[in-house]
Amino acid sequence: MACEPDAFSRLRSCEGTAQKIITQEENMLRTGILITKKKGLHYIAENENSVKLFKPWLGDSFSFLYDFIMKGSIFPQKFGADMSKHYKILSHELKGIHGKCVLELATGSGSAVNFLENDNQYIGTDISPGLLRKALKNFKTAGFKEARFYVASADDLPFDINIFDICLCILSLNFFNNVRKVFQEIKRVLVPGGIFICTLPVPERNSLQSTIRGTLYSEDELGKICQEHDFEFESMPDKNGALFYFRAILQ
Ligand SMILES: C[S@@+](CC[C@H](N)C(=O)[O-])C[C@H]1O[C@@H](n2cnc3c(N)ncnc32)[C@H](O)[C@@H]1O
């Protein structure tokens with residue numbers, strides 16, 4: 001396990017404005033990063049009075065409808081995929097993973113509770129505070145003892161090098177503006193031998209010819225991007241509509 005056992009208990013949160021800042025003594029953070037905690041979420045502090053916020057993603061305004069839309073429309077209509085099969089595939093992939101330090105890029109409303117064991121240390125990141133607040137509740141309900149949520153962009157993570165054993169990115173890579181920057185970040189924060197597990201829609205599986213938001217990459221392109229960043233790329237054999245599942249191991 002990459003995180004020290006008491007990495008979470010060492011987070012120091014004080015009272016008051018300046019005092020709300022959790023200092024960079026938290027051993028997970030990059031040097032110079034200060035964090036403010038607000039209503040259960042961690043924000044990157046720009047100074048004593050402001051935190052880093054991101055251009056709202058569609059999901060932020062519709063966070064209360066997000067799960068409903070995914071289940072009722074996106075999975076069956078856009079992806080031509082089955083949501084319970086999706087969770088089964090990921091549960092199988094993560095079966096037997098306990099006590100690891102897991103980072104998720106673009107946590108959304110916390111779908112990882114459907115496939116990740118609750119005895120892992122979980123760090124969720126997303127640009128949408130609205131969705132992260134939902135995730136916070138879902139992780140609590142699912143019995144995760146150590147889960148933290150950071151309002152942060154996948155291409156500029158506040159974490160130090162070599163922290164995480166596993167990095168997840170589910171149904172989100174197509175939304176990132178600079179995918180190579182994201183891969184550099186994943187490489188930076190994963191331990192050597194760490195695993196990146198990803199699923200996303202790919203054009204060659206999009207048999208319904210749906211309009212899918214963001215930038216789509218082919219399976220070959222994804223393999224090349226992984227190799228460029230020193231990951232050993234392995235596609236998973238599972239078929240689920242437009243979705244492609246792969247793992248990439250950091251060399
Ligand atoms: C379709 S949702 C997927 C959420 C979740 N992983 C799931 O499977 O339900 C896409 C997510 O990407 C997030 N997102 C978009 N751009 C991002 C960025 N640059 N960094 C982090 N998260 C981002 C959105 O806020 C949203 O939660």
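Me: Over how many bridges do strands S5 and S6 pair, and in which sense?
Reply: In this predicted model, strand S5 covers residues 121–126, and strand S6 covers residues 147–151. Asp126 stands opposite Val151 in S6, and the two strands pair over five bridges, in a sense that is parallel.

Me: Which residue of strand S3 stands opposite Val151 in S6?
Reply: Strand S3, residues 41–44, is joined to S6 by two bridges, and these strands run parallel. The residue that stands opposite Val151 in S6 is Tyr43.

Me: Which residues of S6 point the other way from Ala147, Phe149 and Val151, and are they buried or exposed?
Reply: Strand S6 is mostly covered, with five of its five residues buried. Ala147, Phe149 and Val151 point one way and are buried, while the residues pointing the other way, likewise buried, are Arg148 and Tyr150.

Me: Why do the buried residues of H3 lie on the same side, and against which strand do they pack?
Reply: The buried residues of H3 include His86, Ile89, Leu90 and Leu94. Because they cover an arc of only 125° around the axis, they are placed on the same side of H3. The face turned away from that buried side carries the exposed residues Ser84 and His92, whereas the buried residues pack against strand S10 (243–250).

Me: Which residues come nearest to the ligand?
Reply: The shell around the ligand divides into eleven nonpolar, eight polar and two charged residues. Of the 21 residues around the ligand, those that come nearest are Ala106, Gly108, Ser111, Ser128 and Ala154.

Note on methods
Residues are numbered from 1 along each chain as its sequence is written. This is a predicted model: local features need pLDDT of at least 70, side-chain atom pairs count only at pLDDT 80 or more; totals for chains, interfaces and linings use all residues. A residue is near a molecule or strand if its C-beta atom, placed from the backbone, lies within 6 Å of it. Ala, Val, Leu, Ile, Met, Phe, Trp, Tyr, Cys and Pro count as nonpolar, Asp, Glu, Lys and Arg as charged, and the others, Gly among them, as polar. A residue is buried if 20 or more other C-beta atoms lie within 10 Å of its own, exposed if 12 or fewer, and partly exposed in between; C-beta atoms are placed from the backbone. Helices (H or I, at least four residues) and strands (E, at least two) are DSSP runs, numbered from the N terminus. The arc is that of the directions from the helix axis to the C-beta atoms. Two residues are in contact if their C-beta atoms, placed from the backbone, lie within 7 Å. Two strands pair if DSSP finds at least two bridges between them.
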